[in-house]
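Reader: Hey, got a minute to go through this one with me? I'd like to start with the charged side chains and then move inward.

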Amino acid sequence: MKHEDIEKLSFEEALQKLETMVRELETGQTKLDDAVEVYEKAMALKKFCEEKLKAAELKIEKIEEAQNGGLVLKPFDEENADD
């Protein structure tokens with residue numbers, strides 16, 4: 001699967017393909033050369049899915065009550081920045 005082909009997938013399509021590849025590898029019935037190729041494709045799909053999730057996470061904001069009683073929007077992961 002070429003990088004250009006992966007970019008055309010939705011997150012859900014990429015995740016489904018990744019799950020299928022993992023199941024295929026878990027059976028242990030794939031020839032070594034084929035397994036290596038499937039693994040490489042799976043890693044590309046994994047990276048694509050991670051990037052999609054990160055982009056979505058950056059867009060998410062949460063609403064909190066400000067000290068003055070008003071509402072304020074904060075980045076989703078701001079509370080984890082202190083950890």
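Reader: Is K47 buried or exposed?

Author: Before the answer, bear in mind that this is a predicted model. K47 counts as exposed, because its relative accessibility is 51% and the cut-off for exposed is over 50%.

Reader: Which residue does K47 meet in a salt bridge?

Author: E51, with 4.0 Å from N to O. Both K47 and E51 lie in helix α3, 4 residues apart, which is about one turn of the helix. E51 is partly exposed, at 42% relative accessible area.

Reader: How many salt bridges turn up in the whole structure?

Author: The search finds 3. Another one joins E50 and K46, at 2.8 Å from N to O, and E37 pairs with K41, where the closest N and O atoms are 3.1 Å apart.

Reader: Where do E37 and K41 lie?

Author: In helix α3, 4 residues apart. E50 and K46 are also both in α3, again 4 residues apart.

Reader: And how much of E37 and K41 is accessible?

Author: E37 has a relative accessible area of 39%, so E37 is partly exposed. K41 is partly exposed as well, at 26%.

Reader: OK, switching to the inside. Which residues of α3 are buried?

Author: A35, V38, A42, L45, F48 and C49.

Reader: What makes up the largest nonpolar core?

Author: That core has 10 residues: I6, L9, A14, L18, M21, V38, A42, L45, F48 and C49. Helices α2 (11–27) and α3 (32–59) each supply at least two of them, and the largest share, 5 residues, comes from α3.

Reader: What is F48 in contact with, leaving aside neighbours within four places in sequence?

Author: I6, E7, L9, S10 and A14.

Reader: How does the span of α3 compare with what its 28 residues should give?

Author: It agrees: at 1.5 Å a residue α3 should span 40 Å, and its end C-alpha atoms are 41 Å apart.

Reader: What about V36?

Author: V36 is in α3 too, but V36 is partly exposed, with a relative accessible area of 41%. Its C-alpha atom is 9.3 Å from that of L25, and the two residues are 11 apart along the chain.

Reader: Last thing, which residues make the nonpolar surface patch of about 360 Å²?

Author: I63, L71 and L73. L71 sits in strand β2, residues 71–75, and L71 is exposed, at 68% relative accessible area.

Terms used
Residues numbered from 1 in each chain as written. Predicted model: local features only at pLDDT ≥ 70, side-chain atom pairs only at ≥ 80, totals over all residues. Heavy atoms only, no water. Patch = residues over 30% accessible without salt bridge, like charges linked within 9 Å, V, L, I, M, F, W, Y side chains within 5 Å. Areas by Shrake-Rupley, 256 points an atom, 1.4 Å probe, with all protein chains shown as cover. Salt bridge = Lys/Arg side-chain N within 4 Å of Asp/Glu carboxyl O. Helix = DSSP H or I, 4+ residues; strand = E, 2+ residues; numbered from the N terminus. Buried < 20%, exposed > 50% of the residue type's maximum accessible area, 1.4 Å probe, protein only. Core = buried A, V, L, I, M, F, W, Y, C linked by side-chain atoms within 4.5 Å. Contact = heavy atoms within 4.5 Å. Expected span 1.5 Å × (residues − 1).
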